[in-house]
Each structure stands twice: as C-alpha cells, then as structure tokens.
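This report covers internal cavities, unusual backbone geometry and cysteine pairing in one structure.

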Amino acid sequence: MKIEKIEIHHVSIPLKHFFETSFGREDHGEHIIVKLSGDGLHGYGESAVSPDPSYCYETTETVWHVMKDFLIPAVLGREIDGIETLLKTMSKVRGHHFAKCGIEGAYWHLHSLKEGQPLHRIWGGTRTKIQSGVSIGIQDSVEELLERITGFLDQGYKRIKIKIKPGWDVVPVEAVRKKFGDIPLMVDANAAYTLNDLGILQSLDEFDLTMIEQPLHFADLTEHAVLQKQLKTPICLDESISGVRTANAALALGSCKIINIKPGRVGGYMAAREIHDICKIAEIPVWCGGMLEFGIGRALNLAICSLPNFIFPGDVSSSDRYFDEDIITPPVEFTDGELLLSEEPGFGFKPDDALIEKYSIRSLQFKN
Ligand code: OSB
Ligand code: MG
C-alpha cells in the first residue's frame with residue numbers, strides 16, 4: 001500500500017483534574033495525532049508524549065520535529081508492503097520512540113481497516129475482556145487522596161495505583177490500607193528514590209502492595225536488581241525499559257519481576273509485543289501503562305492488552321477519567337472496570353476529524 005497523504009495535529013485537551021507525579025504537575029494533554037491515508041482509507045495513531053522532557057527526553061515539540069523532518073519524508077509516497085518495511089524505513093532515526101509509535105499506530109489502524117479485521121485479532125490477541133486499574137497522582141492532602149480513591153472504587157476500577165515521592169509515601173499508603181483494607185494496591189515512584197532510601201522502600205514492604213513501580217533512576221537496571229533482592233514486593237519497571245534490549249537486560253539481571261509496557265516508550269506496538277513475548281517465556285507478567293492518552297492511543301493500548309501475558313489490569317481507564325470530551329466516538333467506557341473489545345475492523349472506536357480539529361493548536365498536511 002502506498003501512503004499518499006499524512007496529516008499531523010498537535011492536539012491540546014485540558015485535563016479534568018491536574019495530574020501530579022514525582023517530576024511535576026500536568027494540566028493538559030498535548031499529544032500529536034497522525035493520520036495516514038492510502039487506498040482510500042485513513043488510519044490514526046497518537047504520540048502520547050508529555051509536553052516536558054521529564055518522563056523521558058521526548059516532548060510534544062521533539063515528536064513534531066522528528067515526524068516532520070525525518071519520519072514523514074521517509075514514509076510518504078512509499079510502497080509499504082508490511083510492518084517490516086515500515087519499521088525499516090523508520091529505523092534510520094535513532095530513538096524517538098513516541099514519534100515512531102504515533103506513525104506505527106496509524107499504519108496498524110489503516111492495515112486493520114484494509115484487512116477487515118479487528119486489530120487485536122491481527123496482533124494475535126487471545127483475550128477480549130480488558131480490565132482497568134486507575135493511576136492517581138500526588139494530591140494536596142491525604143483526605144483528598146482518600147476521597148478520589150473512593151470515587152474510583154465506586155466506578156469499579158480493578159486496582160488503585162498511587163504516585164509516591166519522598167515525603168509522600170508511607171503515610172498515604174498506610175492511610176489507604178487503613179480505610180480501604182485489602183484492595184489491589186500499588187505505588188509508582190517515577191524514579192524518585194535512591195538506594196539510600198532503602199529504609200523507606202522496605203517499610204513499604206509491610207503493606208502487601210501488588211508491586212512498586214520504578215523506584216530508582218530512570219535508566220538504571222543494576223541498582224534495581226540490588227534492591228529487588230532486599231524487597232518482598234515485586235519491582236515493576238516503567239522508565240528503565242526503553243525498548244526490547246533493556247527488557248532483555250532487565251530479565252538477565254533480575255532487575256524486576258513485572259514490566260509495565262507502554263507502546264510509545266518502547267518504540268511501538270511490535271516492540272511492545274516482542275517484550276510481551278520474551279517476558280511470557282521468562283514468566284514475567286506484564287501490563288499496559290498509560291500516558292494520559294486521548295482516545296486513539298487509548299484504543300490502541302486496549303488492543304495490545306488482548307495479548308495473553310498482559311496479566312494485571314492496565315492504566316487504560318475510561319476517557320472520562322481524564323477528559324470531558326474525547327476525540328473518538330464513542331468515548332472509551334469501562335463498566336465495573338471491564339471493557340469488551342469490538343470485533344469490528346479497526347480499533348473499535350471512530351476518530352472524529354471535527355473534534356481533532358476543535359482541539360488542534362497546529363496541523364500540517366503532506367501529500368505525495
Ligand atoms: O509513570 O505511569 C507513569 C502518566 C504520565 C507519565 C507517566 C506515568 C503516567 C501515569 C498515568 O501513571 C497513566 C494513565 O492513566 O494514563
Ligand atoms: Mg510509571
């Protein structure tokens with residue numbers, strides 16, 4: 001199939017509630033939406049990157065630049081006869097995984113429409129009922145945290161993840177256990193600790209957490225391996241797993257017992273599937289993380305969750321967890337924390353050009 005036209009949109013949608021991690025507070029989603037056209041069909045993808053280079057080095061601006069100046073010129077007008085060709089075409093760009101993932105997602109959407117098959121089937125998914133947990137940012141007070149958790153539990157989310165940082169860790173976790181008892185609970189530190197904090201991390205061991213996500217440095221594997229030996233709680237790596245190679249290294253070193261897979265972080269959906277596969281063989285369960293995706297990235301994440309080793313509920317959630325209005329119809333909606341994947345061609349939701357335009361702050365079109 002020849003890619004005849006590519007559009008990119010810088011879409012900015014306000015969050016219903018600020019989202020705070022150990023590296024800062026966000027109040028908008030600022031993602032790049034990609035639309036690929038060929039054979040009379042249109043595929044949509046999303047680079048769900050953060051506006052600041054704090055989660056990783058990519059930003060909304062670097063995704064725009066790398067797409068416009070490198071990836072789009074390589075892909076436009078080309079005969080793309082399969083995913084290998086697309087990935088090879090993009091491979092001359094080193095890194096920039098979120099940028100590549102936006103284009104790969106649009107390719108897969110287009111491909112599934114052309115094949116008349118749902119994407120989760122094309123990817124080899126075996127599960128159609130997807131479960132969602134919810135990720136809750138750092139709040140201004142423990143009372144507010146407890147109140148937000150009550151709301152999400154009422155909506156049926158299957159597990160609670162709370163963001164922690166030094167000074168906001170044992171006290172909120174203890175309060176949550178005290179109020180909600182034995183709920184599935186985990187924490188995410190976004191790399192805020194060092195091995196000097198071993199005492200605090202060991203005190204979290206008391207609370208029977210499902211896992212502790214990314215306690216140490218964003219690029220570290222060896223110190224996490226040291227830490228894992230001293231904790232009962234499984235370590236889950238997010239930031240440190242930057243792709244297939246770091247996933248292999250983490251398994252070899254024993255840096256973690258669980259991996260959070262975000263397609264954007266690891267370099268796309270095929271990289272996500274490969275990490276899933278090597279983890280399955282190593283008996284390391286995985287789950288799908290989130291980047292406050294708009295509907296397109298969210299729908300693509302739901303499709304990847306269908307693979308058999310996505311064992312834990314993902315940070316997938318309903319559109320209304322973050323946004324009053326989404327750019328797909330219908331919006332993603334979990335009921336009692338569960339959602340049934342559609343068997344229609346594509347990813348089960350229709351991207352809405354008018355809504356994409358409504359929230360776009362700049363757009364570019366490239367034609368062959
Ligand atoms: O570390 O998982 C993370 C959001 C932005 C950047 C990093 C992370 C997150 C989340 C939110 O935890 C997950 C979601 O609900 O999309
Ligand atoms: Mg994380």
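A residue is called buried under 20% relative accessible area, exposed over 50% and partly exposed in between, using a 1.4 Å probe and protein chains only. The model is predicted, so local features need pLDDT of at least 70, side-chain atom pairs count only at pLDDT 80 or more, and totals for chains, interfaces and linings use all residues. Residues are numbered from 1 along each chain as its sequence is written, chains are lettered from A and ligands numbered from 1 in the order in which they are written, and side-chain values use heavy atoms, with hydrogens and water left out.

**Backbone**

Most residues other than glycine have a negative phi, and most peptide bonds are trans. Two residues other than glycine with positive phi are tabulated here, with elements taken from DSSP runs (helices are H or I, at least four residues; strands are E, at least two; both numbered from the N terminus).

| Residue | Phi | Loop | Relative accessibility |
|---|---|---|---|
| Gln 214 | near 40 degrees | between β8 (212–213) and α8 (222–229) | 0% |
| Asp 336 | near 50 degrees | between β12 and β13 | 51% |

Gln 214 therefore counts as buried, whereas Asp 336 counts as exposed. The loop between β12 (328–329) and β13 (338–340) also holds Pro 330. The peptide bond that joins Thr 329 to Pro 330 is cis, with omega near -15 degrees.

**Cavities**

Rolling a probe the size of a water molecule over the atoms shows where empty space is left. Here a cavity is a set of points, on a 1 Å grid over the protein atoms alone, where a 1.4 Å probe fits but cannot get out; lining residues have an atom within 4 Å of a point. Points are joined across faces, edges and corners, and the volume is the space filled by probe spheres set on them.

Two cavities of 30 Å³ or more are present. The largest has a volume of about 260 Å³. Its lining consists of 29 residues, with Phe 19, Lys 262, Gly 290, Met 291 and Leu 292 nearest the centre. Two or more lining residues come from each of β1 (5–21), β2 (24–38), β5 (134–136) and β6 (160–163). Domain 1 (5–116 + 351–367) and domain 2 (121–340) each contribute at least three residues to the lining of the largest cavity; the domain bounds come from an automatic or database domain assignment.

For residue classes, Ala, Val, Leu, Ile, Met, Phe, Trp, Tyr, Cys and Pro count as nonpolar, Asp, Glu, Lys and Arg as charged, and the others, Gly among them, as polar. On this basis the lining of the largest cavity has 10 nonpolar, eight polar and 11 charged residues.

The second largest cavity encloses about 80 Å³. Residues lining this second cavity include Glu 46, Phe 98, Cys 101, Tyr 269, Met 291 and Asn 301. At least two lining residues come from each of β3 (41–47), α3 (97–115), α10 (263–266) and α12 (295–304). The class counts for the second largest cavity are six nonpolar, four polar and two charged. This cavity lies between domain 1 and domain 2 because both give residues to its lining.

**Cysteines**

With a disulfide taken as a pair of cysteine sulfur atoms within 2.5 Å, the structure has zero disulfides. Cys 56 is in no disulfide, and the nearest cysteine sulfur, that of Cys 101, is 12 Å away. Cys 56 is partly exposed, at 21% relative accessible area. For Cys 305, the closest cysteine sulfur is in Cys 288 at 4.2 Å, which is too far for a bond. Cys 305 counts as buried, at 5% relative accessibility.

Methods: 1 Å grid on protein atoms, 1.4 Å probe; cavity = no way out; pocket = protein on both sides within 12 Å on 5 of 7 lines; lining within 4 Å.
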